[in-house]
Amino acid sequence: MSQQLAAAAEAADQTLAALKQFDALPACAYVKRRVVQALCGNISEEELRRRTLDGRIPKPTKLGSRNNVWQVGKLRDALDRLQRKAAS
């Protein structure tokens, strides 16, 4: 059980670090699902899937059989678009 808690804490630390560095990341960098969920307001995996399917969030890139990542540049564009739409 303590290994699971340690792994969860490490994942949370990695997500927090990625969020802090998001603005400094190059457009060609990639971020994991948890970072995208946090950027979108801590949405669930299902809500992330819905937003991807309806085009509000760009589709992820598949790295291996189980690893989906999002390109930072495309994600920034989508988030900017959503902010402009919400402001108008």
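Seven salt bridges are found in a search of the whole structure, which is a predicted model. Several of these contacts share partners, and the resulting network takes in Glu-46, Glu-47, Arg-49, Arg-50, Arg-51, Asp-54 and Arg-56. Beyond the salt bridges, the model holds an open sheet of three strands, with helix α4 lying across β1 and β3.

**Salt bridges**

- Arg-51 and Glu-47 form a salt bridge in which the closest N and O atoms are 2.9 Å apart.
- These two residues are four positions apart in helix α3 (residues 45-53), so about one helical turn separates Arg-51 from Glu-47.
- Arg-51 and Glu-47 are both buried.
- Glu-47 also meets the side chain of Arg-56 in a salt bridge, at 3.7 Å from N to O.
- The two ends of this second contact fall into separate accessibility classes: Glu-47 counts as buried because its relative accessibility is 17%, under the 20% limit, whereas Arg-56 counts as partly exposed at 33%.
- Arg-56 has a further salt-bridge partner in Asp-54, with the closest N and O atoms 2.9 Å apart.
- Asp-54 is partly exposed, its relative accessible area being 46%.
- Through shared partners, Glu-47, Arg-51, Asp-54 and Arg-56 are among the residues joined into one network.

**Sheet**

- The order of the three strands in the open sheet is β1-β3-β2, and their pairing is antiparallel.
- β1 and β2 (61-63) are the edge strands, each of which pairs on one side only.
- On average, neighbouring strands of this sheet are turned by 45° against each other, with direction ignored.
- β2 and β3 run antiparallel and are joined by three bridges.
- Leu-63 stands opposite Asn-67, a residue of β3.

**Helix α4**

- Helix α4 spans residues 72-87 and has 16 residues.
- From its first C-alpha to its last, α4 reaches 22 Å, close to the 22 Å expected at 1.5 Å a residue.
- Val-72, Gly-73, Leu-75, Ala-78 and Leu-79 are buried in α4.
- The buried residues of α4 pack against two strands, β1 (30-32) and β3 (67-71), and against helix α2 (33-39).
- α4 lies across β1 and β3, and the helix runs at about 65° to β3.

**Backbone at Asn-42**

- Asn-42 is located in the loop between α2 and α3.
- The phi angle of Asn-42 is near 55°, which is a positive value in a residue other than glycine.
- Most residues other than glycine have a negative phi.
- Asn-42 counts as exposed because its relative accessibility is 65%, over the 50% limit.

**Confidence**

- The average pLDDT of the chain is 87, and 93% of the residues score at least 70.
- Helix α1 (residues 2-21) has the lowest confidence in the chain, at a mean of 72.
- Confidence is highest in α3, at 96, the helix that holds both Arg-51 and Glu-47.

Technical notes: Residues are numbered from 1 along each chain as its sequence is written. This is a predicted model: local features need pLDDT of at least 70, side-chain atom pairs count only at pLDDT 80 or more; totals for chains, interfaces and linings use all residues. Side-chain values use heavy atoms; hydrogens and water are left out. The expected span of a helix is 1.5 Å times one less than its number of residues. Buried means under 20% relative accessible area, exposed over 50%, partly exposed in between (1.4 Å probe, protein chains only). Contact means heavy atoms within 4.5 Å. A salt bridge is a side-chain nitrogen of Lys or Arg within 4 Å of a carboxyl oxygen of Asp or Glu. pLDDT is the predictor's confidence in each residue, from 0 to 100. Two strands pair if DSSP finds at least two bridges between them. Axes are lines fitted to C-alpha atoms, for helices over the stretch in contact, and angles run from 0 to 180 degrees between N-to-C directions.
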